[in-house]
Amino acid sequence: MSDQQPPRSPRPGGPRRPAGHRARAGGSARQVPRRSSAPRPAAEPTPTRALPVSEEALPPAEDAHPRAGSVRHVPGAAPAAAAGPHGDPADPMGPVGPAPERRSRRRSRFPRPVRLGATLLVLVLVVVVGWGAGLVLWADSRIEHVDALSGAEDTPGTTYLIAGSDRRGGEAVNEDGTEGARTDTIMLLHKAPGGNSYLVSLPRDTLVDIPGHGGYKLNAAYSFGGAPLLVETVEEFTGLTIDHYVEIGFDGVSGMVDAVDHVNLCIDQDVDDEKSGLKMDEGCHDVGGEQALAFVRARYFDPTADIGRQQRQQQFVSSLMNRVSSPGVLLNPISQVKLAGAGSDSLVTSEGTGIFRVGRMALTARSAMGSGTMVMPIEDPSYQTQNSGVAVLTDDADIAQFFGSIADGSAEPSAPDEG
């Protein structure tokens with residue numbers, strides 16, 4: 001051992017270096033401890049910290065990274081190379097990319113022609129619905145409305161009062177010396193709560209009590225007070241509250257028939273009536289608007305007068321409904337426009353009764369005619385009055401029972417062939 005003093009640290013107060021130290025003064029080398037001969041315990045492996053990976057780089061669940069030491073075999077791929085120190089494919093710590101995503105093209109269960117046909121059908125339905133909606137709105141905007149309802153307490157079911165207005169001065173009505181307006185055609189259409197429908201013709205010469213005027217023929221109510229007084233008179237006579245009033249001008253009857261080209265009407269005798277203009281041979285015929293109008297107005301050639309006329313009126317309504325609902329009209333846009341125009345021009349309805357409600361009324365009338373006819377009970381068809389000439393006389397009890405059965409749906413109509 002040398003007697004020389006070990007060099008001091010260059011820093012004042014620094015530690016002394018041991019003897020034999022080779023590091024230069026001021027160096028950073030540290031003394032390495034001597035190895036012990038005793039065996040050292042095996043150190044536990046330090047766990048590897050996972051590197052942060054973004055979600056976009058994560059592979060699907062089935063393509064997750066294999067466990068350390070395992071080799072993933074990809075079909076069709078070359079054998080993995082030997083493990084390398086810098087992230088070779090065989091290196092478990094090297095970067096392993098996600099397996100390529102396999103996208104399968106989903107096939108429709110329906111063939112292409114079926115899909116094309118369905119698409120075409122949807123387009124046709126859109127056009128048809130749009131056309132129908134536009135036609136309804138156009139026709140509805142042309143209807144004239146009148147404050148006709150009385151506001152009486154409602155009765156069960158739905159009741160329509162249909163009036164054929166004979167306005168003098170129209171092109172379809174010949175001048176006959178009558179002043180003002182008349183209702184040559186008066187019908188009561190009722191749909192009972194149970195679903196049964198009834199159409200009843202009210203003879204215009206029926207002797208009734210008109211509120212504020214006394215006993216007169218039924219059609220005089222329209223002359224005295226228009227639609228409101230006619231509604232009130234019919235309500236008192238039948239006991240049914242009117243829900244919808246629909247008035248059709250006789251010019252409109254002719255126009256609606258011409259719009260659908262014709263209607264088929266039948267008569268049991270040869271007729272040549274000068275007052276109405278009806279000229280028909282016995283049998284059934286397709287007639288135009290002018291002859292159809294004469295058919296519903298004629299009565300003087302018939303010895304039964306209004307009784308026979310109301311039967312012809314019901315036949316006309318049934319024939320018109322059948323013609324309107326035929327494919328030749330429903331599928332013809334030109335006929336639809338003509339019918340909507342002629343009908344809306346001739347209609348006068350109560351407030352709130354639009355073209356859609358008129359259409360429902362037509363369907364109800366057709367159902368009623370299919371079930372059979374209803375004839376109002378009459379006590380004397382040729383009753384002589386003091387001031388109104390010959391009138392139709394009814395019995396109050398019979399009328400109350402007849403319309404009561406119609407109101408609750410218990411009435412039994414006559415078979416159609418018994419008309």
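This is a short tour of two sites in a predicted model, a glutamate with its side-chain contacts and a disulfide.

**Stop one: Glu 247**

Select residues 244-249, which make up strand 7, and pick out Glu 247 within that strand. Is Glu 247 buried or exposed? Its relative accessible area is 2%, and because the limit for buried is under 20%, Glu 247 counts as buried.

Now show the side chains around Glu 247. Which side chains does the Glu 247 side chain contact? Select Tyr 222 first: its side chain is joined to that of Glu 247 by a polar contact of 2.8 Å. Then add Tyr 245, whose side chain makes a polar contact of 2.7 Å with the side chain of Glu 247.

**Stop two: the disulfide**

Next, select Cys 266 and Cys 284 and display their sulfur atoms. These two cysteines form a disulfide, with the sulfur atoms 1.9 Å apart. The structure holds one disulfide, and the pair links distant parts of the chain, the two residues being 18 apart. To see both ends, colour strand 8 (residues 263-267), where Cys 266 sits, and strand 11 (residues 283-287), which contains Cys 284.

Turn the view to look along the S-S bond. What is the handedness of this disulfide? The torsion about the S-S bond of Cys 266 and Cys 284 is about 105°, so the disulfide is right-handed.

Finally, switch on the surface at each cysteine. Cys 266 has a relative accessibility of 28% and counts as partly exposed. Cys 284 is also partly exposed, at 46%. Both values fall in the range for partly exposed because that class lies between 20% and 50%.

Methods:
Residues numbered from 1 in each chain as written. Predicted model: local features only at pLDDT ≥ 70, side-chain atom pairs only at ≥ 80, totals over all residues. Heavy atoms only, no water. Helix = DSSP H or I, 4+ residues; strand = E, 2+ residues; numbered from the N terminus. Buried < 20%, exposed > 50% of the residue type's maximum accessible area, 1.4 Å probe, protein only. Polar contact = N/O pair within 3.5 Å; in protein donor to acceptor, adjacent residues only side chain to side chain. Disulfide = S-S within 2.5 Å.
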